[in-house]
Amino acid sequence: MSVSVDGAFIYFTIPLFGGINITQTTVSSFLVLVIFSIACIVLGRKLTKRPGKAQVLLEKGISMMQNMVVSTMGAHNVHWTPFILTIFVSSVGGSLIGLTGFLRSSTADLSCTLTWAVMVSVIIWYNNIKNNGFVGWLKGFTEPVVVMTPMNLVSEVAQPFSMAFRHFGNVAGGGVITTILYTAFSALSALVLNLIASSGWAVGIVLIVVGVALFVLGMKKHRMLVDILGILSFGLGLFGILQGMGVLSNVPVLALGIPAIISVYFDVFSGFVQAYVFSLLTMVYIAGSCPEPEPEQ
């Protein structure tokens with residue numbers, strides 16, 4: 001996944017309300033919505049008492065989310081499970097869609113994560129007003145003492161921004177790091193291949209022979225690192241010769257596979273972690289505004 005520091009590309013503008021921009025983020029978010037909607041229809045269409053593998057996985061996932069909501073928010077808040085699950089899958093899908101290479105991760109756009117965070121804050125404010133009344137909600141900013149009111153107000157406003165920037169920063173930062181590393185390795189590869197090509201065939205042939213020898217040795221000794229060095233040496237020698245012959249030019253050998261490996265962390269692992277953290281914070285904040293009702297006397 002690559003992320004531009006200039007923001008999401010604007011495909012076109014709908015001439016309504018002063019202009020509505022349809023950006024990469026808009027398209028990615030819509031596709032995630034369509035994909036999960038279709039998945040819900042397909043998976044929920046033929047539920048049986050004797051579930052198949054797909055239904056077992058579906059029920060297990062929903063059960064795990066429900067248990068997480070109950071353990072974090074309390075059993076009286078179990079009805080928030082669909083909302084929390086929607087936040088989680090939207091976040092995961094929004095991050096993973098960047099792996100396509102031509103779509104931008106929606107979570108790499110601050111407007112997306114900030115919208116989610118503001119929505120959560122509005123829900124919290126609504127529940128606080130519902131439970132305590134509007135005057136009671138305002139009085140909450142003066143606790144424990146009146147002089148804390150400015151700090152409480154700042155904390156209330158900072159909460160959605162903190163949630164949004166945490167999620168956005170991790171996803172967007174990972175994409176930028178991936179792009180920088182790919183560019184650096186591509187430049188290094190061009191430098192090395194040009195050096196090999198300018199040295200004649202001898203250096204390339206030596207690298208190929210050394211590469212084959214290292215690969216065979218690594219296979220015998222079961223040493224993965226030696227195998228990788230062998231493949232790298234063979235590739236440098238082969239592409240160096242081909243570049244010297246003019247068959248191939250500026251193939252980034254040293255960058256092959258590196259973006260994919262880095263994406264396993266920044267796009268897959270980090271995407272799931274950020275989705276979990278955002279969902280967990282959502283549960284904690286909403287649970288604070290939805291306390292367990294007092295037992296009737």
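**Figure 1. Buried residues of helix α3 in the predicted model.** In α3, the buried residues are T81, F83, I84, I87, F88, S91, V92, G93, G94 and S95, as seen in a model that is predicted. The helix itself covers residues 81-96, and its 16 residues reach 22 Å from the first C-alpha to the last, which is close to the 22 Å expected at 1.5 Å a residue. When reading the list of buried positions, it helps to recall that an α-helix has 3.6 residues a turn, so residues three or four places apart point the same way.

**Figure 2. Overall arrangement, given as context for the close-up views.** The protein has eight helices and two strands, and its elements, followed from the N terminus on, run β-β-α-α-α-α-α-α-α-α. Of its 297 residues, 33% count as buried.

**Figure 3. Edge-to-face contact between W80 and F83.** Three aromatic pairs are present in the structure, and one of them joins W80 to F83 in an edge-to-face arrangement, with 5.9 Å from centre to centre and 70 degrees between the planes. Both W80 and F83 are buried.

**Figure 4. Aromatic pair between helices α4 and α8.** The ring centres of W116 and F278 lie 6.0 Å apart with their planes at 70 degrees, and because an angle over 60 degrees counts as edge-to-face, this pair is placed in that class. The contact links distant parts of the chain, since W116 belongs to helix α4 (residues 110-139) and F278 to helix α8 (residues 258-289), with the two positions 162 residues apart in the numbering. W116 has a relative accessible area of 13% and is therefore buried, the limit being under 20%. F278, with a relative accessible area of 2%, is likewise buried.

**Figure 5. Nonpolar surface patch around strand β1.** The side chains of F9, Y11, F12, I14, L16, F17 and I20 make a nonpolar surface patch of about 750 Å². Strand β1 (residues 10-14) gives the most to this patch, contributing three residues. L16, another member of the patch, is found in the loop between β1 and β2 (20-23); with a relative accessible area of 45%, L16 counts as partly exposed.

**Figure 6. Two cysteines, C40 and C112, in their surroundings.** A disulfide is a covalent bond between the sulfur atoms of two cysteines. With a cut-off of 2.5 Å between sulfur atoms, the count of disulfides in this model comes to zero. C40 has a relative accessibility of 58% and counts as exposed, whereas C112, at 9% relative accessibility, counts as buried.

**Figure 7. Approach of I196 in helix α5 to I241.** I196 has its place in helix α5 (residues 149-198) and is buried, with a relative accessible area of 7%. Although I196 and I241 are 45 residues apart along the chain, their C-alpha atoms are separated by 7.4 Å.

**Figure 8. N170 in helix α5 and its spatial relation to G271.** N170 is also found in helix α5, where a relative accessible area of 33% makes this residue partly exposed. From N170 to G271 the C-alpha to C-alpha distance is 8.6 Å, while the two residues stand 101 residues apart in sequence.

How values were computed. Residues numbered from 1 in each chain as written. Predicted model: local features only at pLDDT ≥ 70, side-chain atom pairs only at ≥ 80, totals over all residues. Heavy atoms only, no water. Phe/Tyr/Trp six-rings, centres within 6.5 Å; stacked < 30°, edge-to-face > 60°. Buried < 20%, exposed > 50% of the residue type's maximum accessible area, 1.4 Å probe, protein only. Helix = DSSP H or I, 4+ residues; strand = E, 2+ residues; numbered from the N terminus. Patch = residues over 30% accessible without salt bridge, like charges linked within 9 Å, V, L, I, M, F, W, Y side chains within 5 Å. Areas by Shrake-Rupley, 256 points an atom, 1.4 Å probe, with all protein chains shown as cover. Salt bridge = Lys/Arg side-chain N within 4 Å of Asp/Glu carboxyl O. Expected span 1.5 Å × (residues − 1).
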